[in-house]
Each structure stands twice: as C-alpha cells, then as structure tokens.
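Work through the exercises below with the sequence and the model at hand. Each task is followed by its solution.

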Amino acid sequence: MNDCTCRHCHTPFTPTPQESEFCCAGCRFVNQLLVGEGLGDFYKLQDGQAGRPVGERPFEAPKTDWLTPLVSNLPDDRTQHTLKLRVSGVTCVGCVWLIEKLFLAQPGAIRASVFPATAEAEFTWETGTDAILKLAEELPRYGYVLEDPANAAPPKAESRKVIPRLGLSAAFAMNTMAFSLPRYLGMKDSFPYAGLFDLIALLSSTFTLLIGGTYFFSKAIASLRHRTIHIDVPIALGLAFAYIGSIIGWLSGEAHLIYFDFVATFTVLMLGGRYLHLAAAERAQSQLQGQSAIASDLELIDGSRKSTKALAVGDHFIVSPGQALPVSAILTGDDHEFSLAWMTGEPEPRTFAGGATIPAGSIPLGHAKISLIATEAYSDSLVARLTREEDSVSSQPVVQRILKYYLVTIIIIGLATGIGGVIAGVPPLIALQRMISVFIVSCPCAIGVAIPLVDRRASSALAKIGVFVQNPALWQSLTKIRHLIFDKTGTLTLENPELIQSDQIERLNDEAKSALHALTSGSLHPLSRSLFQIIASQTPQSNPAKPVDKAGLGTILKIDGQVWTLGKPGWLGQDDFKTLETSALSCELACDGKLIETFQFRETLRPRALQALSNLSESHQLHILSGDQEARVSSLATTLGIPAKQAHAGLSPDEKADLVSSLKPSLYLGDGMNDTLAFSAATLSGTPVADRSLLDRRSDFLFTCPGLSFLPTLFSMAKWRRHTVGLILAFTITYNLVAVTACVLGHMTPLAAAILMPLSSIASLLIARRKQQEKKPKALSKAAPVVVAKTA
C-alpha cells in the first residue's frame, strides 16, 4: 500500500485498513471541527502546504496555569492589555487566519497579529476581560498551544532584519536606475538637468549602499576577524570598488567609471538571495521546534523562582510532569515514576522511592508536580554539559576554500589589470576603470542568488514530505555521507508502544471508555499515551476528577463511588500488592478490583523503516547506537539486517559520541538528550519533531512524518542539488572567463557591465529552475508494521 497524504496537515503517512485519510486522530478531529464550524476556508489558505501533525493536542486538558499569573500581573490602570507570545503549531497563512479569527470571537478581544515566519503573536484585549485566557483554552482544540515564555526558546529572526533593508534598498535602487537610464539613452552633459540626474543617481546609490550594502560589509569584516572567507567578502569587495570608482568618475567627469546603477542593483539582488537563504531555515526552526524540555527557570519550594542555570546544591525546587530534571536531585515526596529514555534509551519507566537520588535528565511521569533537592549545581550537571555543546550551523570548509582561491585570483587579476595597464601606458583613469570592471563583473551572483534558490527549491520539495531543513549547510555534506547512524527508541521505533489488539477499546462499554479516557488523559507513561491516542478520538472528556498516581503500580480514579484503576497486571488497586515479574508491555483496566480488560503492547518499527534502510544499505553502512539493553538492540538489528558488529547497546552519551567520531562522514538520527554529544560529533544530524526537545534546536533537519521513507528522497534531492549547483558553477566560470577577459582588454563599458550582470544572474536562475527528478526507491512486498518486541 502506497503512502497517503493527510487531509489536514498534508504529512505523508502509511495508511492502515482503519485509517486512510488522516495521519492521526487529532488531524481527523480538527478537520471535522473546522468543517462543522464553517471554517473550511482554512484549507484554501493552507494551499496544500505540509505542516505538523496535530497529535493528541485536541484531546488533552489545556495547561494555562502559567498564563493566569502573567495576566494578573498586568497593570490595571490601562483600558487594554497587549501580550506577545509564541504559538506552537503555526505553519501557514491558514493558521494565521484561524488563530486571529478564534481570538476576535472572544468577548473583549480587540486585535491579533500572528507572524507565521517566527510563530510569534501579539494579542490585544480590553482590561477586565479574559479573552486571552479563553483563547488559551480554545486553541488546543484546533491543534495550537500558547507557549509559556519560561520554556520557549527565542526565535532566530535575522531574516526579519533583512526585510526593511531589502525594501528600502529596492526603492532607492529603482530611483538609481531611473535617473541613470537617460545616460544610456544618450543624454548629453549640455542637458539642463544632466547634473541633477547624476546627483540623484549618486545619492540614491549611496542610500542603497548605506542601507543594504552595510549588511554585507559588517558580515565580511566579522568573517575576516575570525580568519575565514565568507561569501560576503567578495560581495563587499565588489560593492566597495564599484562605489569608490563611481565617486571618482563622478568627481572627475569620467562617465566610464560610473557604476552607481550596478551598486544599487547588485545590493538588492544579494539581499534578496540572502533573505531566501535565511527565511527557509528560520521557518522550519520557528514553526516546528517545540518548547525546551529544560525550563529556563524553576519554582522553588518557598514560591519564588530561580534561573535554572543558577541552581546550586541544596536548592529545593518543583518540577512539573514532562519537564526534565536539570540536575541530579533527591526526591522528597512519595515514590514516583520517571522516564529515563532521554538519557539511557530504556523505553520502560523506572520507579524511584522517596529519598532516592534521581539522575539529571530524568522526566517525571504521572499527573502531579514533585519537589526535589538539588545534589549538584547546574554548572556541574550532565545536562549542562550536554546543552552547552556548540549548536551553531556546521562550517563549510569546501566552500571556504573555493571562496578563498576565487577571491585571491580576482584580486590578483584586478590589480594586475590596473597596474599593468598603467605600466603599458594606458591612462590611469582608464586603467582604474578596467580594474574596477574586473571586480564588478566577477561578483558571485550565482553563489549569492541562484544557489540559495536551488537550496530553497530542494528544501520546499522536502517539506512536502514532512522534512524541514534548518541548516542549509547540510547540502554540502549530504552526498558524501557513508555512515547512517540511528538511535533506537523513538527514532527507529515509534515513540510509544503499539496496542496489539486495537479493537479492544471499541469493545468496552461507554462507562469503561469514559474511565479509561480520564485515567490516561495527561499521563506521560508510554502505555497510557498509546491508549489515549486511541480512546481520545472515540470518547469525549466527561470526568473532571483527577487521577491519583501510585508509583510503579498504576493510576487510580474515583467516579460516582466506583474505583477505576489502570496499572500493572494483577494489581487491581490493591494496597498490599507485591510487584510480580511480568511483562512491562502490558497493563490492566479494573473497576472495584474486578478485571475489565488486559491490554498488551509491542515495540514497533517506524513505518517504512525496513524498506528505507534496505534501499540505502547498498550505498551506506548502517549502525545502531543505543543506551537500551543488548537483547532489544540485537533483535532490532537482526530485523533490519544490520550486522551485529554495527549494533551497540548500553552506551553512555560519551561512548555514543566516541563511536560517531570514528565513523565519518556520518548522518546521525536521534531524539534523546543522550544523543546530544553524538549530534555534535556527527557530520550531519536529524531528529523527529517533538513537543519538548533539545535536539530540534541543534539538528540540521527535522521530520514530522511518522516513518523513515523520506531518507532515500533526502539523498536523491541532495544529488539533484549537487548536479544543479555544478551546472551553475560551470556557467559562472565560463561567464567570468569571458567577462574578465573583456575587462582586461578594455572592452567592458559601464553599459555592458550593467547588462551582463543581470543577464548572468537570470541565466543562473534559469538553471536553478531545472526540473527535479526524484528516483523512486525500490518497493518491498509488505508495508505492514514490523514488530520488534511483544508480549507472549
């Protein structure tokens, strides 16, 4: 069965006999909600753009406890309040329209402005109304969440800084061209307004350079200070020489030295290319990155707050469910369950007794907040070491070497043309004009405009299949990758185990379904989450009572005098129950101590994982690096056909990083905090999108699709990009050889340069528009889920 595209979020997914239209129950729910409430215009504005699957958001209770005090602290002496917040889940113009419409429907709402490029929003409402609180409760039903500023990472918005520069530069460039055109059409110096026209062209070009050109000058200076050659260095060099030469020509009356129109036009072209380059990466970063799993500040036991980075030994702090511990700490309350999957890769939660020391990076499960006492300072913790690893984009040594040789060659040719001309008896101003023309016609238009367009096209094609490029530098290395390295839990396998008999829930009566919904809602236990994904779309939330967690056993809920439990087999809510050796992938639903249903689960490979890895095994070496147990890792490697010597279990973060360092060039896919050092050691890295993560801010790409079928397409797209860039560079070299030769021989005039520069850019852009041809991967006979482990 071929992959389908979700009707709501347009994410590719592998259909099942039960579901062939939507990738998850959340997307189906939101689609029905939008159509039923007359908001179907959302899909017209969405225009088929791939986004993020809704998941369980519509079925979970809204978490707005952080927003109430934030609103309460706003001054009361104003008639209206304004708040700027990030909105998780914004991916398109349709999202902007829907969120603004939902807010304005609230009593007291005045206006809303949502910026899709950064997922930021500004809401204004009347003082004394709760419009923003109502919106926070309403948004999750549609798949969006207002983010707590304490956990939200500041968005990178350099592209927004480029926009005003680009707009103003374009306006002044048009002015420059308008007042330079009469000279090309034969305007004589005797024309009464000739001097005024030239002055306006000079001033307009100067403003263009001051507004737009300084962007490249500052970047070039910073690059040289760090002793590297960036693309902005030759751009700045060409602009500087063209402008200085034009000023000399204007002062001396030598028209052949005046290139004001080039300065203005080239600045706008380069800024446009840079905006495309930045916007594509920032769009993926802002729209898909979830809240940080490590809070920026924490609540202390006395009610005050303290920066996470300032935590010291002895600090008594409080952590919410799902929030990773930033330091190792002593559990002060009752026994509690924690997930160590982030740090060790173990899929099963572990129970810690009160008074035990909980390792840093552990994630508390259950429904209630817990208090702990720090046993180490944050600066000394493993989490601090993992999170302070360098997260800047990877360097491009090949490009830097090309630019270095290119720049040195152009400088030598330019200086030789000018100095050699003077020595040969050419008038100094003519020699200067030839030298400047060399720097002008050799400016890297292809690298500055056409290649960013190629990158944008490749990134857009990948976005349609649920892969979002964050670091454009990955294209330089992707075709060289020889080692594909995978974490196990949550990367090769699905994040939560799969219920073996999915129709078990359908067989429950309404009362049991309602109880199961309440028991699993908001729980972070992997088995509860698996059940909730199924029950949430079938049964509405109807029980306001909150469950009580029994660490290591399960959850208890009292409804109308009945005691419902969901927990380990044999427990059934008994106070004197002794834990038995039983499968960790099963649980029981009971009422008043009577067994209602036993649910069994299995760990399952991501859809199409076997097919994708089979297609790539001929050209790449496959590896598994996991902190999980040897038996599970070995079983998975056998299923995937990966040699035993390339499957490693029980690894610490440092051991993972050491192995990755020995496997170059490599692409590493992981999703846990214990993968952070491996990410830094790998040539490239990718991670699945998650609501709470650290890796999404340092990975080269994110993927929202549930399967791994995107991998062959990723490499195929990289080959297309390499071939296209090769054609552009070949054209650029040919063009430069011809144009520079014309400059050296004195045949290049300002008019010729003004025509050739945009024509060369247009030719490069036409090459960049060449058709993408995707190689279809070979198909396997079956597309059914592959079981890794299951109960007896």
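**Exercise 1.** State the volume of the largest cavity in this predicted model and describe its lining.

Solution.
- Step 1: The largest cavity has a volume of about 130 Å³.
- Step 2: The search over the whole structure returns 4 cavities of 30 Å³ or more.
- Step 3: For the largest cavity, 15 residues form the lining, and H8, R52, V54, G89 and Y144 are those nearest its centre.
- Step 4: Sorted by class, this lining holds 7 nonpolar, 6 polar and 2 charged residues.

**Exercise 2.** Classify S619 as buried, partly exposed or exposed, and describe its surroundings.

Solution.
- Step 1: S619 sits in the loop that runs between helix 20 (609-616) and strand 25 (621-625).
- Step 2: The relative accessible area of S619 is 43%.
- Step 3: Buried requires a value under 20% and exposed a value over 50%, so S619, at 43%, is partly exposed.
- Step 4: The side chains of S619 and H620 form a polar contact at 2.7 Å.
- Step 5: L484 is 135 residues away from S619 along the chain, and their C-alpha atoms are 10.0 Å apart.

**Exercise 3.** Summarise the protein as a whole: its secondary structure, burial, contacts and surface.

Solution.
- Step 1: The secondary structure consists of 25 helices and 31 strands.
- Step 2: Of the 792 residues, 52% are buried.
- Step 3: Take the contacts between residues at least 6 apart in sequence; 71% of them join residues at least 24 apart.
- Step 4: The exposed area is about 34,400 Å², with 57% of it supplied by carbon and sulfur atoms.

Notes: Residues are numbered from 1 along each chain as its sequence is written. This is a predicted model: local features need pLDDT of at least 70, side-chain atom pairs count only at pLDDT 80 or more; totals for chains, interfaces and linings use all residues. Side-chain values use heavy atoms; hydrogens and water are left out. On a 1 Å grid over the protein atoms alone, a cavity is a set of points where a 1.4 Å probe fits but cannot get out, and a pocket is an open set with protein on both sides within 12 Å along at least five of seven lines; lining residues have an atom within 4 Å of a point. Grid points are joined across faces, edges and corners, and a volume is the space filled by probe spheres set on the points. Ala, Val, Leu, Ile, Met, Phe, Trp, Tyr, Cys and Pro count as nonpolar, Asp, Glu, Lys and Arg as charged, and the others, Gly among them, as polar. Helices (H or I, at least four residues) and strands (E, at least two) are DSSP runs, numbered from the N terminus. Buried means under 20% relative accessible area, exposed over 50%, partly exposed in between (1.4 Å probe, protein chains only). Contact means heavy atoms within 4.5 Å. Accessible areas come from the Shrake-Rupley method with a 1.4 Å probe; for residues, only the protein chains shown count as cover. A polar contact is a pair of N or O atoms within 3.5 Å; within protein, one must be able to donate a hydrogen and the other to accept it, and residues adjacent in sequence count only if both atoms are side-chain atoms.
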